[in-house]
Amino acid sequence: MIRIIPLAEEYIDKIVKIERESFGDPWSKKLFVDLIDNPLAVCFVAVEDAEVAGYLIAYQIIDEIQILNIAVKESKRNGKIATELFNVIFEYAKIESVKEFTLEVRQSNIGAIALYKKLGFKIDGMRKNYYKNPKEDAILMSLKLGELKNKC
């Protein structure tokens, strides 16, 4: 059974490992540690059988949440963990009167784009050469909370 819980320091090393296996330009351990005391950060960890299976990192700025980073352990992908992480942040957003979500995603990340569309995100535009290692454009997506589809 998957439990979605707030980020705690005890999970940082496992999150960093998932980050490195997921991204060509991974965040540093220090960035994750700094999130714990950051008042803007909204961070959740998916734990399954005492194992970190994934995480979601976001910033809440007034009534908007920007999804900064989401990743699922390679061996756990396609198991609805990312959807569960989003369901938890959507519930959080309702309580906090958030009106909109935004995110950027690599143009080549077809799986993530499909998930975001399934959740109700819409494409707003593109940022040229946004990502490094490898260099790639970012697709900008957003979701107004009023347009939130039912849990997937």
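1. Two strands are said to pair if DSSP finds at least two bridges between them. In this predicted model, strand 3 (residues 51-61) and strand 4 (residues 64-72) are joined by eight bridges and run antiparallel. Within this pairing, Ala58 has Ile67 of strand 4 as its bridge partner. The two strands form a hairpin with two residues between them, and Ile62 in the turn has a positive phi of about 55°.

2. On overall composition, the protein has four helices and seven strands. Their order along the sequence is β-α-α-β-β-β-α-β-α-β-β. The radius of gyration is 15 Å, close to the 15 Å that the globule rule gives for 152 residues, so the protein is as compact as a globular protein of that length. Taken along the principal axes, the C-alpha atoms fill a box of roughly 40 × 35 × 30 Å.

3. On burial and surface, 43% of the 152 residues count as buried. The protein exposes about 8,600 Å², and carbon and sulfur atoms supply 51% of that area. Among contacts between residues at least 6 apart in sequence, 60% join residues at least 24 apart.

4. Strand 4 also pairs with strand 5 (residues 100-106), to which four bridges join it in the parallel sense. Ile67 has Leu103 of strand 5 as its bridge partner, and Ile67 is also the bridge partner of Ala58. The connection involves helix 3 (residues 81-95): strand 4, this helix and strand 5 make a right-handed β-α-β unit.

5. Strand 5 in turn pairs with strand 7 in the antiparallel sense, over seven bridges. One position in this pairing is Thr102, whose bridge partner in strand 7 is Ser142. Strand 7 is joined as well to strand 6 (residues 122-131), by six bridges, and these two strands run antiparallel. Here Met126 stands opposite Ile139 of strand 7.

6. Is strand 7 enclosed by the rest of the structure or not, and how many of its residues are buried? Eight of its nine residues are buried, so strand 7 is largely enclosed by the rest of the structure. The pairings described above place strand 5 and strand 6 as its partners.

7. Ser142 deserves individual attention. This residue lies in strand 7, which spans residues 136-144. Its relative accessible area is 9%; because the cut-off for buried is under 20%, Ser142 counts as buried. The side chains of Ser142 and Asp124 are joined by a polar contact of 2.5 Å. Leaving aside neighbours within four places in sequence, Ser142 is in contact with Glu100, Phe101, Thr102, Gly120, Phe121, Lys122 and Asp124. Among these contacts, Thr102 is also the residue whose bridge partner is Ser142.

8. The loop between strand 6 and strand 7 merits inspection for its backbone geometry. Most residues other than glycine have a negative phi, and most peptide bonds are trans. In this hairpin, which has four residues between the strands, Asn133 takes a positive phi near 55°. A cis peptide bond joins Asn133 and Pro134, with omega about -5°. Pro134 is placed in the loop between strand 6 and strand 7.

9. Two further residues should be checked for their phi values. Ala50 has a phi near 65°, a positive value in a residue other than glycine. Ala50 is found in the loop between strand 2 (41-48) and strand 3. Its relative accessibility is 66%, and the cut-off for exposed is over 50%, so Ala50 counts as exposed. Asn129 likewise has a positive phi, of about 50°, although it is not a glycine. Asn129 lies in strand 6, and at 45% relative accessibility Asn129 counts as partly exposed.

10. A final point concerns Asp13, which lies in helix 1 (residues 12-22). A polar contact of 2.8 Å joins the side chains of Asp13 and Lys29. The C-alpha atoms of Asp13 and Val33 are separated by 9.6 Å, these residues being 20 apart along the chain.

Methods. Residues are numbered from 1 along each chain as its sequence is written. This is a predicted model: local features need pLDDT of at least 70, side-chain atom pairs count only at pLDDT 80 or more; totals for chains, interfaces and linings use all residues. Side-chain values use heavy atoms; hydrogens and water are left out. Buried means under 20% relative accessible area, exposed over 50%, partly exposed in between (1.4 Å probe, protein chains only). A polar contact is a pair of N or O atoms within 3.5 Å; within protein, one must be able to donate a hydrogen and the other to accept it, and residues adjacent in sequence count only if both atoms are side-chain atoms. Contact means heavy atoms within 4.5 Å. A crossover is right-handed if, with the strands pointing away from the viewer, the path from the first strand over the helix to the second runs clockwise. The radius of gyration is taken over C-alpha atoms; the globule rule is 2.2 Å times the number of residues to the power 0.38. Accessible areas come from the Shrake-Rupley method with a 1.4 Å probe; for residues, only the protein chains shown count as cover.
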